[in-house]
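User: Please take a close look at a single strand of this structure and describe its surroundings for me. I would like one connected account that I can follow alongside the model.

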Protein chains: 2
Amino acid sequence: MSILVVGSVAFDSIETPTGRRDRCLGGAATYFALSASYFTDVRVIGVVGEDFTPEHEAVLTKRGVDTRGLEHTSGKSFHWTGSYVKSLNEAQTIDTELNVFETFAPKVPAVYQDSEFLFLANIDPVLQKNVREQMPKVRMVCGDTMNYWITGHRDNLAKVLTGLDALLINDGEAKLLADNSNLVLAARKVLSMGPKALIVKHGEYGATAFFGEHAFGGTGRVPTPFRAPAWPLEEVVDPTGAGDSFAGGFIGYLASQPEINLKNFKHAMFYGGVMGSFAVERFGTERMQSLTREEIDQRFALFRELSHLD
Amino acid sequence: MSILVVGSVAFDSIETPTGRRDRCLGGAATYFALSASYFTDVRVIGVVGEDFTPEHEAVLTKRGVDTRGLEHTSGKSFHWTGSYVKSLNEAQTIDTELNVFETFAPKVPAVYQDSEFLFLANIDPVLQKNVREQMPKVRMVCGDTMNYWITGHRDNLAKVLTGLDALLINDGEAKLLADNSNLVLAARKVLSMGPKALIVKHGEYGATAFFGEHAFGGTGRVPTPFRAPAWPLEEVVDPTGAGDSFAGGFIGYLASQPEINLKNFKHAMFYGGVMGSFAVERFGTERMQSLTREEIDQRFALFRELSHLD
């Protein structure tokens, strides 16, 4: 089944303890699409400027990603400059040039209308809602957000949350959204805002899913939370895109399965962790471009061994 | 099989976001012994002052803990005052009165000589080594330490590490001991100092075991690391003793099994997490005094469900 992602396609200038790269291809939709492309068909909606060349687009199309929803316009592409020199766990934003992204008004092309899965990457919740409404027949909708929208655009965000099957955010975002420093209480509050499931990403410690009542085939009770591990990595070269690669593996795997149920949801979380662990091994999307399904399944087996009790 | 623990038996004055308690029974050996007592026989070596009453001792003996190695001396017991008001993840020490602990010279009674498991709780590594040498026939030795000994008594600590089957410390301590901010590289360095296994405790995110070559029945290769989860708790009343309760569950379960192998090691880590999760539910050792094996096994089942992939 096919997935539609709406989000940023951008250039990133990144500094980490390992080195730096200027203007490498990035953006949430790019990481997501590349990651999900190992599992199923992916379609992208985004906007890019004149600096986005056919070579950049080929990075996506080589992986079979449908880029017909990528709007080319005059001006420059979104450009983010960030540093992980102080901490690999948190990006320090040095500069954000929205450029063509500032007036982005995503339109779902007719040929994308039959997409069964939708990922609303981290963009203005007004745009997320707008895209959601253009996809009345979609089977599963997942979304991301960030502190900026949680603190300054809460009412708009609330309208997105009510329509989500799963919200994927990190510990800090979940606690901020719920205004509660306890993760379990924060999760309960967030679930009361609408999402059927909340996946909280813990970086190197994995991710925990919290479920609402009857979620994903849960039989008459609230399913037990589920914790998927992250692989302990010897080197994190560049953390950029780890969360979107997680989302790509998660939704990609789910979309490749005949049914959305708790068992597949849990396996999908493992695949999310697998794709996140690959993403950070090299700068930018380099690793996400060059994987094989065999490598992915080998690492999935490692994740399983890491946390499996006989 | 029986476990010998050497460590502090103390009084703690604790402030947390939930409230405060003055001079409640605590100390690493106390938490460890109570926790392990649900699995097997436990013997304690420690020193207490005149303020340690028969009622205090009864807390241990009621759980079947052998206190014949508890030295009663004139003066006051070790007294720690700490606060978790700023952060539930890290104790802020307000005052440490060593009292009778200052001249503690642990002696292993003859009746303890046949103990098969030894836990060297967080005390001066000179004393840890001394106790280790009094137990030449012990089957498995586990140990704990802290930043104070890592930074100021490194040479003495090194002599303890060479003789350990498992070292149980937290992320910050492992990174400090190895002088490396990457957990995997830090773990490899710590293992090169002697321990056959390193268990790194991540607080609310569980714990990861790293193994040396051939550790615990590993067949000719370094076993894959193992990650045990922690249960997402709605309320942490008092984090004091969580690590020692983890150690008690871990070694207690292992000592209750016919063999020390990787499978039992992994189950033991789950039981460690289970006991740690109970410890923090009430102030001091309250919860550790009143458990049932049924409650423990029920929570074990929850831990398993939390992280089990069908």
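Analyst: In this predicted model, strand S10 (residues 166–170) of chain B and S11(B) pair in the parallel sense, over 5 bridges, and within that pairing Ala166(B) has Ala197(B) of S11(B) as its bridge partner. S11(B) also pairs with strand S12 (residues 207–211) of chain B, to which 5 bridges join it, but here the two strands run antiparallel; in this pairing Leu198(B) stands opposite Phe210(B) of S12(B). The hairpin formed by S11(B) and S12(B) has 5 residues between the strands, and Gly203(B) takes a positive phi near 65 degrees there.

As for covering, strand S11 (residues 197–201) of chain B is mostly covered, with 5 of its 5 residues buried. This holds on both faces of S11(B): Ala197(B), Ile199(B) and Lys201(B) lie buried on one side, while Leu198(B) and Val200(B) lie buried on the other. Ala197(B), the bridge partner of Ala166(B), thus belongs to one covered face of the strand, whereas Leu198(B), which stands opposite Phe210(B), belongs to the other.

A positive phi also appears elsewhere in chain B, at Asn99(B), where the value is about 50 degrees although the residue is not a glycine. Most residues other than glycine have a negative phi. Asn99(B) sits in the loop between strand S7 (92–97) and strand S8 (117–120) of chain B, and it counts as partly exposed because its relative accessibility is 26%, which falls between the cut-offs of 20% for buried and 50% for exposed.

Terms used. Residues are numbered from 1 along each chain as its sequence is written. Chains are lettered from A and ligands numbered from 1 in the order in which they are written. This is a predicted model: local features need pLDDT of at least 70, side-chain atom pairs count only at pLDDT 80 or more; totals for chains, interfaces and linings use all residues. Side-chain values use heavy atoms; hydrogens and water are left out. Helices (H or I, at least four residues) and strands (E, at least two) are DSSP runs, numbered from the N terminus. Buried means under 20% relative accessible area, exposed over 50%, partly exposed in between (1.4 Å probe, protein chains only). Two strands pair if DSSP finds at least two bridges between them.
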